[in-house]
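Work through these exercises with the structure open beside you. Try each task before reading its solution.

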Amino acid sequence: MPKTADIEDAQILWTPHDTAGRLRVSESTLAKWRMTGDGPEFVKMGFKVRYRPAAVETFIAKRTRRSTSQTAAA
């Protein structure tokens, strides 16, 4: 059975403003990424968009490189 802290962490969702701040990009860039499928996975609830922190961290991890010639995360 999951711990209470794990359940609470799983329920946290970031707004586009929060996510843009974490990624240091504009909210407009996030919106473009949503349209093209280039950004982190997001949750759509009616008209609202939210991001799971774990999805944002995965997005960052998948784009981490050791050199400019590297094409995939090692």
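## Exercise 1: A residue in a helix

T19 has its place in helix α2. The model is a predicted one.

Task: Decide whether T19 is buried or exposed, and find which residues T19 touches, not counting residues up to four places away in sequence.

Solution.
- Step 1. Take the relative accessibility of T19, which is 0%.
- Step 2. Buried means under 20%. T19 therefore counts as buried.
- Step 3. Leave out residues up to four places away in sequence; T19 then touches W14, L30, Y51 and V56.

## Exercise 2: Layout and confidence

Task: Write down the pattern of helices and strands along the protein chain. Then state where confidence is lowest and where it is highest.

Solution.
- Step 1. Count the elements: the protein chain has four helices and two strands.
- Step 2. Put them in sequence order, which gives α-α-α-β-β-α.
- Step 3. Look at the average pLDDT of the protein chain, which is 87. A score of at least 70 is reached by 82% of the residues.
- Step 4. Go to the extremes. Helix α1 (residues 4-11) is lowest, with a mean of 55. Helix α3 (residues 27-36) is highest, at 98.
- Step 5. Apply the caution: predicted coordinates should not be read in detail where pLDDT is low.

## Exercise 3: The buried side of α2

Task: Name the buried residues of α2, and explain why they are on the same side of the helix.

Solution.
- Step 1. List the buried residues of α2: P16, T19, A20 and L23.
- Step 2. Check their spread around the axis. They cover an arc of only 100 degrees, so they sit on the same side of α2.
- Step 3. Find what covers them. The cover includes α3, β2 (48-50) and α4.
- Step 4. Pick out L23. Beyond residues up to four places away in sequence, L23 touches L30, W33, P40, V56, F59 and I60.
- Step 5. Move just past the end of α2. There R24 takes a positive phi of about 60 degrees.

## Exercise 4: The two sides of α4

Task: Sort residues of α4 into buried and exposed.

Solution.
- Step 1. Place P53, A55, V56 and F59 in the buried group.
- Step 2. Look down the axis of α4. These buried residues fall within an arc of 165 degrees, so they line one face of the helix.
- Step 3. Turn to the other side of α4, where A54 and K62 are exposed.
- Step 4. Identify the cover over the buried residues of α4, which includes α2 and α3.

## Exercise 5: The nonpolar core

Task: Which residues make up the largest nonpolar core, and which helices each supply at least two of them?

Solution.
- Step 1. Collect the seven residues: A20, L23, L30, V49, Y51, V56 and F59.
- Step 2. Assign them to helices. α2 (16-23) and α4 (53-62) each supply at least two.
- Step 3. Set the core against the chain, where 19% of the 74 residues count as buried.

## Exercise 6: A charged pair

Task: Find which side chains meet in a salt bridge, and state how far apart in sequence the two residues are.

Solution.
- Step 1. Recall that side chains of opposite charge can pair when their charged atoms come close.
- Step 2. Count the salt bridges: there is one.
- Step 3. Name the partners. The side chains of E57 and R22 meet at 2.9 Å, N to O.
- Step 4. Locate them. E57 is in helix α4 and R22 in helix α2, 35 residues apart.
- Step 5. Check accessibility. E57 is partly exposed at 34%, and R22 is partly exposed at 38%.

Technical notes
Residues are numbered from 1 along each chain as its sequence is written. This is a predicted model: local features need pLDDT of at least 70, side-chain atom pairs count only at pLDDT 80 or more; totals for chains, interfaces and linings use all residues. Side-chain values use heavy atoms; hydrogens and water are left out. A nonpolar core is a set of buried Ala, Val, Leu, Ile, Met, Phe, Trp, Tyr and Cys residues joined through side-chain atoms within 4.5 Å. Buried means under 20% relative accessible area, exposed over 50%, partly exposed in between (1.4 Å probe, protein chains only). Contact means heavy atoms within 4.5 Å. pLDDT is the predictor's confidence in each residue, from 0 to 100. The arc is that of the directions from the helix axis to the C-beta atoms. A salt bridge is a side-chain nitrogen of Lys or Arg within 4 Å of a carboxyl oxygen of Asp or Glu.
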